[in-house]
Structure formats: structure tokens, C-alpha cells
Amino acid sequence: MAAAAESEKPESVPEAEEPQRASAGGNSESRQERIPAELPILPLRATVVYPLTAVPLNVGQPRSIRLVDEAVTGGRMIGLVAARDPDVEEPSPDQIYTHGTAAAVHRLFRAPDGTIRLLVQGLERFQITQWTETEPYLKAKIKVVPETVDESLEVEALMRNVMDQFRRLAELVPSIPGELLTAALNVEDPRQLVYAIATYVRIDLEDAQAILEIDSVADKLRRLMIILGKELEVLELGRKIQDDAQGEMEQMQREYFLREQLKAIKKELGEEDEQAVEVAEFQKKIDESGMPEEAEKEARRELDRLSRLPTASAEYGVIRTYLDWLTSLPWQVSTEESMDIAHARKVLEEDHYGLEDIKDRIVEYLAVRKLRLERKAEDQAPGESEEPSEEGEYIDAIRREREGVILCFVGPPGVGKTSLGQSIARATGRKFVRQSLGGVRDEAEIRGHRRTYIGALPGRIIQAVRRIGTNNPVFMLDEVDKLGMDYRGDPSSALLEVLDPEQNREFRDHYLDVPFDLSQVMFITTANLLDPIPGPLRDRMEILQLSGYTDTEKVRIAQGFLIPRQIRENGLREGEIEFAEDALRQIVRNYTREAGVRNMERQIGTICRKVAIKVAEGATEPAHIDAEGVVEFLGPRKFFEEIAERTSIPGVATGLAWTPVGGSILFVEAAQMPGGKGFTLTGQLGEVMQESAQAALTLIRSQASDWGIPEDFFANSDIHIHVPAGATPKDGPSAGVAMATALASLLTGRPVSAEVGMTGEITLRGQVMPVGGVKEKVLAAHRAGLKEVILPKHNESDLEDVPEEIRESIQFVFADRVEQVIEAALGPNEDAPNGSHTDS
């Protein structure tokens, strides 16, 4: 037995030892004389050993084994006391009952696993008066407490009632040996009768201990009679339930035979009821579906239930709907894949401009998939296999392997994440299905509802697979970063199984409750932000970042994709409208400010609709849209280059920021007024951004003399820093250099260059720390017309992701000190004293 137990009843007892449990007797006085006043105490778990009984015990605890070894070499006498809590491995004296049974060790057997099997003979009960030792095992002084026996008619009546109850109990419990029943019925000693029956009847530990501790044998019989009465009630109720169930089963079998006879009669008459037709139809669908063994077993079980239910039953409709879902799923239906790499490249180039990294990753996936299929088919050619099979079976086996990749496209709106999924499906020849997860808060939307609910249905995953009709589509889960969570569950946790290639081979929808293989589905997810996606879910996906487009890329996308689509959607023909390149650039710069091209397409659509009006009115001349025509059709420009105006006065710096919709520029404005060391921050700044402003002020104050600023400028002044667009929350450390530059510009009276933008985190020692989102920030600077960008020195390698045309049009300054940033933004400080940090 396990070492966690002091001792316990074994699950089975050798038959030769059974009679000994109730046959022990002997002279009580002689037994009391043999019991010493001090005994080693062996705690028992969930077991009470009574006098006059022989009981087998297993001993596994080291201290208990030592106790038994020493007891066997000595007087072979031990004290057996039950522990109050069976879960305690080594109970202390206060965790053990005070009443127990003195017992003699009759037999001992050592098992190969180190445990000891004992056969002990209970002699007399005792009460512990004093604990004498706790190490190496428990030992206590005891006092023998004999029971009081009243040889009266009442005791005789109690004995007969107990015997009668035990006889009825033995009839209901086959495991009680016949020898024990015979021995119990022949016992004349009431005390021996109580202990023999109590040893074999299922009794709670508290009741078993109470029987031992009761002094009067008559009271022991009464307590045992109550326990036997309760046990008989439970067993008789169980027998009644079993008989009722058996009767119902016999009735159902009778109804089944009668129904079968009725079917046979109708068949002989040439009649066939509607239910039989439906059952036969489902039987055929199950045979042809190719579902796995577990699903087929469940389907046939439900079909059997359906065939025996009346059509008017409410459950009939529930089972029918369930079978309809099971048989309509594409268990073995797959779409033939295209493995033509050249075709895939052509499709991707036709559908999307740029995005070279994404296209390369998709082509890599197709190339690996193609090699796996071809080479595994070669390795397992039919002629070389042990069991001959057709070639198609090998291809099917290969396709049943997991896809092994879950792609997640992350980027601002309008950069083509969703359309990329459609292009992948077209390039691979698979079907495409899309599910938007934005706002989904219920786990059942993913896993489905259990059939116990009225109107239950499978989750969105199974519904989409059934709708598309194939088990290997390209499945796009859109807006995965916008999943919610409430009291109904966490859908993102439910997606863990769906998006794990090691688990989705046996995806269990709550409604179906049978495994469905999703390993052949190519899952693609999209998101605008990575932060809201839980870590475990993000870990299951390969993240591919899609940044914003440059002006040139937007023009090329408009010429190749947007304009032809808008011409077609607005009923125009080629030749009826033409867009000049300068018109498209004006739309990009003056009418849209975005990372993607959605708003640009809307503006092009607006122009096309206005041209459509003229064509519908009878105009025959083609419309040539140039820069002036854009103003005519779209009205005054919506965005202006305000950097020069804003930075023309000291105290304003241009910062670069990252947003969920791409990069953006922001202005940091600083103002000084008479006061006394006041520092105000406005513009809905987050805690991190406020701390950056505090660090910038502290840095400027600590190095004021280096820039020719009076050291006591703050003593009689208040400083106010404001970041415009006050309705927009802002946070992050990357505006630190812009805030320090704005303060330096304000206090030195030197304006920041209108062509300079900057980003970077600062420390109190003047170091410039690296930041993220460099590509998006540089693209934002280019859109805003900036000619010079100041970046942290450690971010120099991030420029490799920036398009070459952008790198060539912008001058980059890499700084690792704030002094370098201020010098690049304000120019050399001629008033700075010698020894300043401007050259460091």
C-alpha cells in the first residue's frame, strides 16, 4: 500500500481468514491480565478494529513498520486506535481517538514492495490515559475498559432483531460470505455479535467508533440496529429502483417488438410511414458520410432513438436536427489544392501591390506543402508499401496531417488584411470563409451550445465549415483583437483549441459532442493591435506585420486596383474617366490621412459618381481628372501642412507617434509664464507620458547652464506643456525627446526647424532610448512632408523595413544623447558656454 497511509482495510481478504473475524472468543479476565499497562499505538485510517475479531491490516508508513517489527519481537501486543481524519498521513496524539482495541499480532507477511500484511486478533477495548512517547512511534499508557453486559430479555430481543436485520442485509448484499452469516446467527454472546456484524457492515467512521466507545452492550445493540435499519432502507430502495428500471426496459422491449410487427404488417401491405422513410434516409447519409468511428457510433445511437420515438414527441425534432447536422458536415470532403507556385505568385501580384514579405511567406507555405505532398507520395509509393493501396489513399493520408501554421495579419485598417485571405484561397484553389469576431463575448459562439438548451446550435466554426462544404478551406477569423469577455465565458480561451495544430485534430463542439478534424483548415486571423490578444492565443499564431503604404504605393494601388474597381462599380467604362498621377497624389496628401487606402477609394468613388451623373445626362467627352479637377469634384482640401506655422515660434516641437491606424505626427507645445514652480500638463496624457514630461523638465533644469538658460528660471515661472488634439488620449514614452526639445526651444528662444520630426525616450542622464513603431512613424513623417527625422541610435537597424524611396527622401539623424537631438532640431547654440554637452 502507499506510504501515505498508516493502515487501512484491504480491498480483498483471503477466504481462509474470513471465519476468524467472528469466531474469536476466550475468557475475558485472562485476556485483561495479559494486556500490559503501556502499549505501542498503531493509528488506523478509516478503520475501527473491535475486540473478539480477527482483521487483516496493511502497514506501509516507516514508523508503523518499525512499531510492528518491535512488537513482533516482544510481546506481540499492540494498540489499534482510529485516526479522526483519514487524510492525515502521520496523525499526532491529539488527532487520534482516545478509545481503541488491544490486539495480538497472529500472522505477519512482508510484501516485495516493503509493506507488511498483518492478521491481528482484537482482545479488549481500552482508553488512553497518557501519551508516553511519540518517537520513533506512538506509545501510551492505557486502561482496559470492559463492557457492561446485562443478561436480560431486552438484550435477547435486541439480539434477535439485529440477527434478523443482518439476515435481510445478507440477502441484499451478495458480498457478505455465507460462513459469516451462519457464524453470526449461532453466536450467543451479545458483545461478540455486535462486533462481528459491525466489522462487516458499511458504517461511517464516527458510528463505528461510537459503537466501540459505548459501555453498555444493550446500547451497542440499539445503535447497531439503527445503523442496520438505515442501510436496509437504502438497499431496499436501490433494489426497488432496479426492479422498476428492469420493468421499464421490459415494457420498452415489448413496445419495440410490437412496433416491429406493425412495420412488418405495413410492409406486407405495401405501406411505409413517413418516419421509416426519414430513418432510412438518415441511415443512408450516415453510411455515405465517411464520419469517424466515434461520430458514427453516436449517429447510429441517436438514429436508433429517433426510430423508436413518436413523431409528435418534442425530442424527435431535437434528435432529427442533431442528425441533420452530423450527416451534413464535410467529414471526408476536401477541395483539390493547387500547388502551382508560379500561379500563386501571379494571383498575389494581381490582387495586391507591395507587401513583399507577406507574399514571400505565403509562397513559402505553398512550397513546403507541395514538397511534403510530393516526397511523401514518393516515399510511400504503392509498390513499396507492405499493404498495397491506391495512390489516392496516400494523398488523403498526407492531407490529414496538420497544416502546422496559423497566420495572424496585424496592421492598421485598409492595408489589405482581409483581401489577403481571399487571395490565399484563390492561389491555393481552396474555398474561402470569413468569420468576424468583433464584439463576440460568449464562449458558445465558438464552441456551440449543449443540446440540453432549447434552440441549441453548433458554434460559428462548425457552422461555417458546414456552409462552405469542405474540410480544408481557408478560414479567416477577422478582428481577433476585438473579442470580449463577460460572465458567459471567454471566447479567446475557446479559440486556443481551434488554433492549436496539435489539438484541433479532435475539436469538440459542445452541440455535436464528437470530434471533428480541423487540422486541414488553414486558419488566418487579422487584428489591428497585438496587445489586446491574450498571450496564450498569440503564442499559437505566426505574427505578420502589415505597415502603412507610402504615397507612391498608394498611387500605384489606385491605378492598378482602386480606379478599375470604382469604374466598374459605378457603371462607367474604360475611357470615360481618367485620373492623372498628380490628381491621385493630391487626393493622398490633401484629402486623406491614413495608413491604408480605404478613404482614398471613397474619394475616388465620389469622383466616379459625379462623372457618372454627367455621362447619364448625355456627356460624351471623357473626363480627365487632374489636380484642379480634384478640387472641383471634392471641394476644398481637408488636410493642411501646418508644421511650418506651428513651429515658427519657440516652444513647439514635432513628435512622431504610433497609433492603431498607422503612424501620426503630434505637436508638443510649451509655454512659460510668471509664477512659482508650477508645472501643468494637458492634452489627455497618460501616466507614462506625464512621467516623460517630468523627466524632460528635470533634465533641462539639471543642464540649464549648458544651454545658456538661467539656472533659476523655474523659481519665478510656471511651465505648461500641451499636446494638441486634446480629445484624443495619448500615452507612451517616445515623446520624451520632443518634450525636452520643446522646453529647450522655449527657454532659449530658438524655434525648432519646421522640417524636423523626432521620437525617442529619454532618461534623467540625457540618454536617448530606443522605441517601437519606427516604420510607421517614418511613413507618417513622409506623409507630413518632413525632411529630417531624429531617431534613437539603437533604432538605426529598423530603417531596413522602410521603403528605399522614403529613406532617400528623408535625412536621418541618429542620437544617443539629448544634446544631439536639441542641436539637430535647434541648430548650434552660439550662446552656450564652453564645456557644454552639445558635442558629446
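Trainee: Which residues are linked in a network of salt bridges?

Mentor: In this predicted model, Glu298, Arg301, Glu302, Arg305, Glu315 and Arg451 are linked in such a network. The general idea is that side chains of opposite charge can pair when their charged atoms come close. The structure holds 44 salt bridges.

Trainee: How should I read a single pair, such as Glu302 and Arg305?

Mentor: Start with the distance: the closest N and O atoms of Glu302 and Arg305 are 3.2 Å apart. Then look at the placement. Both residues lie in helix H9 (residues 293-308), three residues apart, which is about one turn of the helix. Last comes the surroundings. Glu302 counts as buried because its relative accessibility is 1%, whereas Arg305, with a relative accessible area of 25%, is partly exposed.

Trainee: Which parts does the salt bridge between Arg447 and Glu497 tie together?

Mentor: Their side chains meet at 2.9 Å, N to O. Arg447 belongs to helix H15 (residues 444-447) and Glu497 to helix H17 (residues 491-498), so this pair ties together parts that are 50 residues apart in sequence. Arg447 is buried, at a relative accessible area of 14%, and Glu497 also counts as buried, at 13% relative accessibility.

Trainee: Where do Asp500 and Arg540 lie?

Mentor: In loops. The side chains of Asp500 and Arg540 meet in a salt bridge of 3.4 Å, N to O. Asp500 is in the loop between H17 and strand S11 (507-508), and Arg540 is in the loop between helix H18 (535-539) and strand S14 (542-545), so the pair ties together parts that are 40 residues apart in sequence. Asp500 is buried, with a relative accessible area of 12%; Arg540, at 24%, counts as partly exposed.

Trainee: Turning to strands, is strand S4 mostly covered or mostly uncovered?

Mentor: To read a strand, check each side in turn. S4 (residues 77-82) is mostly covered, with six of its six residues buried. Met77, Gly79 and Val81 point one way, Ile78, Leu80 and Ala82 point the other way, and all are buried.

Trainee: How do strands S2 and S5 run relative to S4?

Mentor: S2 (residues 38-44) runs parallel to S4 and is joined to it by four bridges; one bridge partner pair is Leu44 and Ala82. S5 (residues 99-110) runs antiparallel to S4, also with four bridges, and Ile78 has Ala103 as its bridge partner in S5.

Trainee: What percentage of the protein's residues is buried?

Mentor: Of the 840 residues, 48% are buried. The protein has 28 helices and 25 strands. It exposes about 41100 Å², of which carbon and sulfur atoms supply 48%.

How values were computed:
Residues are numbered from 1 along each chain as its sequence is written. This is a predicted model: local features need pLDDT of at least 70, side-chain atom pairs count only at pLDDT 80 or more; totals for chains, interfaces and linings use all residues. Side-chain values use heavy atoms; hydrogens and water are left out. Helices (H or I, at least four residues) and strands (E, at least two) are DSSP runs, numbered from the N terminus. Buried means under 20% relative accessible area, exposed over 50%, partly exposed in between (1.4 Å probe, protein chains only). Accessible areas come from the Shrake-Rupley method with a 1.4 Å probe; for residues, only the protein chains shown count as cover. Two strands pair if DSSP finds at least two bridges between them. A salt bridge is a side-chain nitrogen of Lys or Arg within 4 Å of a carboxyl oxygen of Asp or Glu.
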